[in-house]
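Ready to practise reading a protein model? Keep the sequence and the 3D view open, try each task by yourself, and then compare your steps with the worked solution.

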Number of protein chains: 4
Amino acid sequence: MSADQSVPAPPRRVRPPGVADRYRALLAAGSGTERVEFFSDAVFAIAMTLLVLDIRVPDVPDGGLGEALVDLTPKFFAYALSFAVIGINWASHHRKFRVITGFTRRLVQINLLLLLLVAFVPFPTAVLSEYGEVTEAVVLYAATVAAISAVQAWLWVAARRAGLLHPAVDRGVYRYLLRNSLVSAVVLAASIVIALLGQPLAAMYSWILIWPLSFLAHRAGGRRPADLEPAGD
Amino acid sequence: MSADQSVPAPPRRVRPPGVADRYRALLAAGSGTERVEFFSDAVFAIAMTLLVLDIRVPDVPDGGLGEALVDLTPKFFAYALSFAVIGINWASHHRKFRVITGFTRRLVQINLLLLLLVAFVPFPTAVLSEYGEVTEAVVLYAATVAAISAVQAWLWVAARRAGLLHPAVDRGVYRYLLRNSLVSAVVLAASIVIALLGQPLAAMYSWILIWPLSFLAHRAGGRRPADLEPAGD
Amino acid sequence: MSADQSVPAPPRRVRPPGVADRYRALLAAGSGTERVEFFSDAVFAIAMTLLVLDIRVPDVPDGGLGEALVDLTPKFFAYALSFAVIGINWASHHRKFRVITGFTRRLVQINLLLLLLVAFVPFPTAVLSEYGEVTEAVVLYAATVAAISAVQAWLWVAARRAGLLHPAVDRGVYRYLLRNSLVSAVVLAASIVIALLGQPLAAMYSWILIWPLSFLAHRAGGRRPADLEPAGD
Amino acid sequence: MSADQSVPAPPRRVRPPGVADRYRALLAAGSGTERVEFFSDAVFAIAMTLLVLDIRVPDVPDGGLGEALVDLTPKFFAYALSFAVIGINWASHHRKFRVITGFTRRLVQINLLLLLLVAFVPFPTAVLSEYGEVTEAVVLYAATVAAISAVQAWLWVAARRAGLLHPAVDRGVYRYLLRNSLVSAVVLAASIVIALLGQPLAAMYSWILIWPLSFLAHRAGGRRPADLEPAGD
C-alpha cells in the first residue's frame with residue numbers, strides 16, 4: 001500500500017524502507033498486468049460457460065420433448081441474460097485494463113472481489129430461472145449484478161488514485177468509463193427497491209433501462225467541453 | 001461504431017469528436033486482438049471439456065458394466081460429434097483472427113454472440129444423446145450449429161467491412177474462408193427442413209455432407225482465376 | 001496438406017497454386033504456435049480440475065463422517081492418478097511444443113484428437129473409482145491413457161515429417177521424446193491384455209512399471225553415440 | 001535433475017553428457033516460464049469458479065425462498081472463504097513467479113503437486129459447508145490448505161536452490177516471501193491439533209490469526225538489517 005504514492009492519504013509515521021518496500025520496488029520494474037488480466041479473463045470465461053449446466057435435459061416421453069423444450073424458455077432467457085451480463089462486464093474490464101499500466105496489492109484485492117462476484121453469478125441465475133418473479137430471486141440477482149458494477153467502478157477509481165492510468169487518459173475519458181459502470185449500479189439498485197415494494201416483474205423490466213441510459217450517458221459524455229480537460233491532477 | 005470508417009453506411013449527422021471517439025482513438029493505438037482471442041479460446045476450451053460431464057457413470061452390478069458401457073454408445077458418439085464441432089469452429093475462429101488486425105465494439109459484440117452459442121452446445125448435445133432420433137432433438141442441435149456457422153460468417157464479413165483484415169487477404173482468400181462457414185450453415189439449415197418433414201435420421205446423415213462439400217468448395221476456390229483479384233475494393 | 005513438403009508422399013497431379021495454397025502461404029508468415037498451445041493448455045487444465053467433481057460429499061450422520069471419508073479412498077486415489085496422468089501428458093506436450101516451430105492443418109487435427117482424449121479422462125476415472133477391479137473399468141481406463149500416449153507419439157512424428165522441428169533437435173533428442181510416449185503406450189496396451197486375461201488388479205499394478213521403464217529408456221538414450229547424429233535427414 | 005547445478009548434493013558418478021542433458025540444454029535457451037504460469041493460472045481460476053457449483057438452488061415453495069436462501073449462509077461463507085484462500089494463493093504464486101527465471105523438471109513436478117491440491121479445494125469446501133463444526137470436516141479443510149501453503153514454501157525453496165531466482169532477489173526478500181507461506185502452514189497445522197482436541201469451532205476461529213500474524217511477519221521483515229544482505233551465497 002505504501003507504493004500508492006499518488007493517493008492523497010493521512011500522514012503516517014515515516015519508517016526506513018524495509019524488505020516489503022524493496023520487494024515492491026523490485027517487482028515494479030516489470031509490473032505488467034498480463035497475468036492478472038489473463039487470470040481475470042479465465043474466471044469470466046468459466047463463469048459464462050458454467051451457466052449452461054443449469055439447463056437440464058428434460059425427462060419426458062419422446063413425444064413430449066417439443067413441449068418440454070418450450071417449458072425451458074425461462075432457463076434459456078436466464079442463460080442469455082447472464083451470459084450478456086458477464087460478457088458486458090468482461091468487455092468493460094477489458095477496456096479498463098487496456099489503459100491501466102500496473103498493479104498494486106490493493107488493486108489485486110479489488111479485482112479478486114470483482115471475480116468472486118462474477119464467479120457467483122451462476123447461482124442467482126439458477127435461482128431466478130427457477131423462481132421466476134419471486135421477490136427474493138429478483139433481489140438476489142439485482143444485488144449481485146449491482147455489486148459487480150459498483151466494484152468495477154471502485155477498481156477504476158482506485159487505479160486512477162494509485163496513478164496507474166495511462167497518461168493519455170484525460171478526465172473526460174476517465175469519467176466516460178466511470179459513468180458506464182455507475183449507470184448499471186444505480187439502475188440495478190433502484191430495481192431492488194421496486195422489487196421490495198412488491199413489484200418484482202416491474203423490477204426486472206427496469207433492467208432494460210440500462211441500455212438507453214448507457215447510450216444517453218455516452219452521448220452526454222461526447223458533448224460537454226469541460227470533460228476535455230486533462231484528468232491527471 | 002463511428003470508428004468503422006471503411007464501412008459504407010447511410011450518411012449521418014456530423015458531430016464534433018466526443019469523449020467516446022477520443023477513447024476509441026486512444027485504444028486504437030494498441031488495438032491488439034490477443035485478449036479477445038484468449039477469452040474466446042477459453043470459452044471454446046471450456047465448452048468442449050464440459051461435454052464429458054454428460055456421460056454419467058452407469059449404476060449396475062459389477063457383472064453388467066461391459067453391457068452398460070456399450071449402452072452408452074450414443075453418449076460417446078454425441079461427445080465426439082460436439083467435440084469435433086466446437087474444435088472445427090475453434091480452428092476456423094483461429095484462422096480468421098490470424099488475419100484480423102483489430103477490433104471494434106461491434107466485432108466484440110458479434111464475437112460474444114458466437115461464444116454464447118458455442119457455450120450453449122453442451123445442452124443440445126445432451127438432448128440429442130438422450131432423445132436419439134426425435135425430431136425436436138435433431139432440430140435443436142442443427143439449429144445451434146447452423147447459428148454458430150452463420151455468426152462465424154457474419155464476424156468475417158463484419159471484419160472486412162470494418163477494414164480490419166490484413167492487407168494481404170485478397171478477395172479469393174476472403175471468399176475461401178467465407179465459403180467454409182457458409183457451407184456448414186446451409187447444409188445444417190437444410191437438415192432442419194428434412195427433420196421437420198419427419199425424417200430426423202436422414203437429417204443427421206445429411207450432416208456428413210458438410211465434409212465433401214467443404215472439400216469441393218475448397219477445390220473450386222483454388223480454380224477460379226477471378227478469385228485472384230484483390231479484395232480490398 | 002500440400003504445405004507439408006518435407007513429407008515423402010506418392011506423386012500427385014501437379015496443379016497451379018490455388019486460393020487455399022495462397023492462404024496457407026499467407027498464414028505461414030506468422031505461424032506461431034502460441035494460440036494452439038494456449039488452447040491445449042486450457043483443455044488440459046480444465047480436464048484436470050473437473051476430476052474433483054466426481055468426489056461427492058458423503059451423506060451420513062455427523063458422527064459417521066470420518067468413516068465415510070475413509071471409504072472415499074478409491075475416489076482420492078483415482079483423482080490423484082488421473083491428475084498425474086493428465087499433468088504428465090501436459091508436461092510432455094509442453095516439452096514437444098517448445099521445439100515445434102509451426103503448424104499444419106494436419107497437426108491441428110492430431111492435436112484436437114489428443115485433446116478429445118484428454119477431456120474424456122474424467123469419465124474412465126469415475127468408472128474406475130466406482131467399479132474398482134472390474135475388468136471392463138480397467139480396460140476402459142488403460143485404453144484411454146494408451147490412446148493419449150499413442151497420439152502424443154503421432155503428433156511428434158508428424159511434426160518431424162512436416163519439417164516443423166527446431167533445427168537444434170537432432171536424432172537423439174527426437175528419439176528421446178518419442179520413446180517417452182511409446183513406453184507408456186506399450187505398457188498400457190500390455191495391461192489391457194493382462195486385464196482381459198482375468199487379472200484386472202495385476203493390470204493396474206503393471207501401470208507402475210511405466211516409471212522405471214521410462215527411466216531406463218532415458219538412460220539408454222544417454223548412452224548410444226549413434227543417437228548423437230543429426231536428425232534432419 | 002542434473003541441471004540443478006547450484007544445489008549442494010552428494011557426489012555422483014560422472015558420466016558423459018547424454019541425450020537428456022543435451023535436450024535440457026537445448027530447452028534452457030528459451031526456458032521461459034510463461035506456459036507453466038499460464039497453465040497454473042487456469043487451474044487456480046477453474047478451481048475458484050467451480051466452487052459455486054456446490055451452492056444448489058433450494059427446492060421450496062415460492063413463499064419459502066427467502067428463508068431457504070438465509071439457510072444457505074454456511075454455503076455462501078464457505079464459497080467466500082475458499083475463493084479467498086485460492087485467490088490469495090494465486091497472488092502468492094504470481095509474486096513468486098515474477099522473480100523465478102526458469103524451470104527444472106523438479107520445479108514442474110512441485111508445481112503440479114501444488115495444482116493437485118488447489119484443484120482439490122472444492123471437495124473439502126463442500127464437506128465443511130455441509131458438516132459445519134464436525135471435527136473431521138475442519139481437519140480435512142485445514143490439512144488441505146496447510147498442504148498448499150507448505151508446497152508453496154517448498155516451490156520457493158526449490159527455486160532458490162536451483163539458482164532460478166532473479167539476481168535482484170536478496171536474502172531479505174527471499175525470506176519475506178517464504179515467511180508468508182510458512183505463517184499460513186503453521187497456523188493451519190496448529191488448528192488441526194486444536195480440532196483433534198475436540199474444539200473444531202475454536203480451530204476454525206484460529207484461522208483468522210493468519211491475517212494479523214502475516215502482517216507482523218511482514219513488519220518484522222522490514223526491520224531486521226541482517227535481512228538486507230544478498231541471498232545469493
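Below are five exercises with their solutions.

This is a predicted model, in which local features need pLDDT of at least 70 and side-chain atom pairs count only at pLDDT 80 or more, while totals for chains, interfaces and linings use all residues. Residues are numbered from 1 along each chain as its sequence is written, and chains are lettered from A and ligands numbered from 1 in the order in which they are written.

**Exercise 1. Survey chain A**

Task: Find how many helices and strands chain A has, and what percentage of its residues count as buried.

Solution. Step 1: Use DSSP runs, numbered from the N terminus, where a helix is H or I over at least four residues and a strand is E over at least two. Chain A then has 10 helices and zero strands.

Step 2: Call a residue buried if 20 or more other C-beta atoms lie within 10 Å of its own, exposed if 12 or fewer, and partly exposed in between, with C-beta atoms placed from the backbone. Of the 233 residues in chain A, 48% are buried.

Step 3: Two residues are in contact if their C-beta atoms, placed from the backbone, lie within 7 Å. Among contacts in chain A with a separation of 6 or more, 81% join residues 24 or more positions apart.

**Exercise 2. Check a helix length, then look inside the helix**

Task: Compare the expected and actual span of helix H8 (residues 171-196) of chain A, and decide whether A:Asn180 is buried or exposed.

Solution. Step 1: The expected span is 1.5 Å times one less than the number of residues. For the 26 residues of H8(A) this gives 38 Å, and the end C-alpha atoms are 37 Å apart, which agrees.

Step 2: Just after H8(A), look for A:Gly198, which has a positive phi of about 95 degrees.

Step 3: A:Asn180 lies in H8 of chain A. It has 22 other C-beta atoms within 10 Å, so A:Asn180 is buried.

Step 4: Setting aside neighbours within four places in sequence, A:Asn180 contacts A:Ser92, A:Ser214 and A:Ala217. A:Ala217 is 37 residues away in sequence, yet the two C-alpha atoms are 7.4 Å apart.

**Exercise 3. Follow two helices of chain B**

Task: Work out which residues of H5(B) are buried, and how many residues of H6(B) are buried.

Solution. Step 1: H5(B) covers residues 105-120, and its 16 residues reach 23 Å from first to last C-alpha, close to the expected 22 Å.

Step 2: Its buried residues are B:Asn111, B:Leu112, B:Leu114, B:Leu115, B:Leu116, B:Leu117, B:Val118, B:Ala119 and B:Phe120. They pack against H2 and H4 of chain A, together with H2, H4, H6 and H7 of chain B.

Step 3: In H6(B), nine of the 10 residues are buried, so this helix is largely enclosed by the rest of the structure. Among them are B:Pro122, B:Phe123 and B:Tyr131.

Step 4: The cover over the buried residues of H6(B) includes H3 of chain A, together with H2, H4, H5 and H7 of chain B. Just after H6(B), B:Gly132 takes a positive phi of about 40 degrees.

**Exercise 4. Place one alanine**

Task: Is B:Ala203 buried or exposed, and which residues does it touch?

Solution. Step 1: Find B:Ala203 in helix H9 (residues 200-206) of chain B. With 24 other C-beta atoms within 10 Å, B:Ala203 is buried.

Step 2: Not counting residues up to four places away in sequence, B:Ala203 touches B:Val138, B:Ala142, B:Ser191, B:Ile194 and B:Ala195.

**Exercise 5. Judge a helix pair in chain D**

Task: At what angle do the axes of H5(D) and H7(D) cross?

Solution. Step 1: Axes are lines fitted to C-alpha atoms, for helices over the stretch in contact, and angles run from 0 to 180 degrees between N-to-C directions. The axes of H5(D) and H7(D) come within 9 Å and cross at roughly 165 degrees.

Step 2: Angles under 35 degrees count as roughly parallel, over 145 as roughly antiparallel, 65 to 115 as roughly perpendicular and the rest as oblique. H5(D) and H7(D) are therefore roughly antiparallel.

Step 3: Residues of H5(D) including D:Leu107 and D:Ile110 meet residues of H7(D) including D:Trp154. D:Trp154 has 15 C-beta neighbours inside 10 Å and so counts as partly exposed.
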